[in-house]
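Subject: Structure handover

Hello,

Here is the structure I said I would pass on. Please open it alongside the notes below.

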Amino acid sequence: MANLRPPLPRALRPKPKGPSEDNGHAPTGAREAVAEKGISAVDWVDERTSLSGGARWLMFRKIPRGTNWFYTLGSATLFAFLAQAVTGVILAMYYDPSATRAYESVRYITNEVFLGEFVRGMHKWGSTVMVILVFLHMGRTFFYGAYKYPRELNWVIGVVLLLLTLFMSFTGYLLPFDQRSFWATTVGVAINGTGPLVGPYLNDFLRAGPEFGTTTLARFYALHMLVLPGAIAAMIGAHLYLVARLGTTAPPWIKTDIDPELRKEDA
Ligand code: HEM
């Protein structure tokens, strides 16, 4: 006999199973069960956000023939920045940015805090590593001609990143507030003051008061742990977006394959 019942309204029809739901396949062992749970958690997020499309766009891409180890210098710089951010956050938990207590707080980190000397050492040497890497990466992009059309904007963003990185080193150097950092930075700020037009304003801005002291330290600390890392993170975001959008440049010695038909026409 024919089914005379009216069809169910769309809202009441059973929904097809989503990728994160049980699909009838029973996991065979504990390891598979854990893996399945992980996969369904990721699927659950992806069903609601479609993030996997963006992640695939960012990570799975063709790279030019001839790509070599020098192409890892940008990622190495990124890693150095992230290491600086992590160790910097730990140091900020103990550091005291006041002219009378800064030196003592740094001494406390070095001598008393568990692994304090290690974390401080990583941050201090890591800053040098980052500066060296950023210059090497810039050299690679320069010698491979990666600054040319259509990557000029990425080069300009890179120059801003270079300046911000150097400014990070300059502002960080004052923070231990010992004799060396105090006098070196006094000289550095004075040198800034000799610049044409903006020099005196820059000098006033950095000193942050009539004299080099507590206000200067507070200003350097705010720049070093808030303003500059924020600006660097934003600039790296734009830099990497352009790298993903435009792809990387092939080494200049790699010749493109010419269609043999075109070669014939040339002759
Ligand atoms: C915090 C600093 C920086 C980070 C984290 C960074 C990161 C990266 C990464 C991951 C890449 C892709 C891989 C590679 O080619 O190495 C890249 C590419 C590039 N970077 Fe940087 N970079 C920084 C600074 C600079 C500087 C200072 C310049 C130049 C002034 C620069 C110019 C470029 C250019 C032109 C490309 C495209 C390379 C190509 O098309 O082959 N970057 N960057």
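What follows is a list of what was found in it, grouped by region. Please keep in mind that this is a predicted model.

The ligand site

The shell around the ligand has 28 residues, and those that come nearest are Gly 74, Ala 146, Gly 158, Thr 248 and Thr 249. Four helices each give at least two residues to this shell: helix 3 (73–92), helix 5 (116–143), helix 6 (152–174) and helix 9 (214–246). Helix 6 has the largest share, with 7 residues. By class, the shell is made up of 16 nonpolar, 11 polar and 1 charged residues.

How helix 3 packs

Two of the helices that help to line the ligand also pack against helix 3, which itself supplies part of the shell. With helix 9, the angle is about 155° and the axes are 12 Å apart. Helix 3 is therefore roughly antiparallel to helix 9, as an angle over 145 degrees is counted that way. This crossing of helix 3 and helix 9 is left-handed.

With helix 5, the axes come within 8 Å and the crossing angle is roughly 155°. Helix 3 is therefore roughly antiparallel to helix 5 as well. Here too the crossing is left-handed. The contact between helix 3 and helix 5 consists of 14 nonpolar, 9 polar and 2 charged residues.

Helix 1

Helix 1 covers residues 30–49, which is 20 residues. From its first C-alpha to its last it reaches 29 Å, close to the 28 Å expected at 1.5 Å a residue. The number of buried residues among its 20 is 0, so helix 1 lies largely in the open. Just after the helix comes Ser 50, which has a positive phi, near 55°.

Backbone points to check

Most residues other than glycine have a negative phi, and most peptide bonds are trans. The following places are worth a look with that in mind.

- Tyr 149 and Pro 150 are joined by a cis peptide bond, with omega about 0°. Pro 150 sits in the loop between helix 5 and helix 6.
- Phe 177 is not a glycine, yet its phi is positive, about 55°. This residue is in the loop between helix 6 and helix 7. Phe 177 has 25 other C-beta atoms within 10 Å, so it is buried; the cut-off for buried is 20 or more.
- Leu 197 is likewise not a glycine and has a positive phi, of about 60°. Its place is the loop between helix 7 and helix 8 (199–207). Leu 197 has 7 C-beta neighbours inside 10 Å and so counts as exposed, the cut-off being 12 or fewer.

In short, Phe 177 is buried, whereas Leu 197 is exposed.

Helix 7 and a long separation

Ile 191 belongs to helix 7, which runs over residues 179–193. Is Ile 191 buried or exposed? Ile 191 has 11 other C-beta atoms within 10 Å, so it is exposed. Its C-alpha atom lies 49 Å from that of Thr 256, and the two residues are 65 apart along the chain.

Regards

Conventions:
Residues are numbered from 1 along each chain as its sequence is written. This is a predicted model: local features need pLDDT of at least 70, side-chain atom pairs count only at pLDDT 80 or more; totals for chains, interfaces and linings use all residues. The expected span of a helix is 1.5 Å times one less than its number of residues. A residue is near a molecule or strand if its C-beta atom, placed from the backbone, lies within 6 Å of it. Ala, Val, Leu, Ile, Met, Phe, Trp, Tyr, Cys and Pro count as nonpolar, Asp, Glu, Lys and Arg as charged, and the others, Gly among them, as polar. Axes are lines fitted to C-alpha atoms, for helices over the stretch in contact, and angles run from 0 to 180 degrees between N-to-C directions. Angles under 35 degrees count as roughly parallel, over 145 as roughly antiparallel, 65 to 115 as roughly perpendicular and the rest as oblique. A crossing is left-handed if the near helix is turned anticlockwise from the far one by less than a right angle, and right-handed if clockwise.
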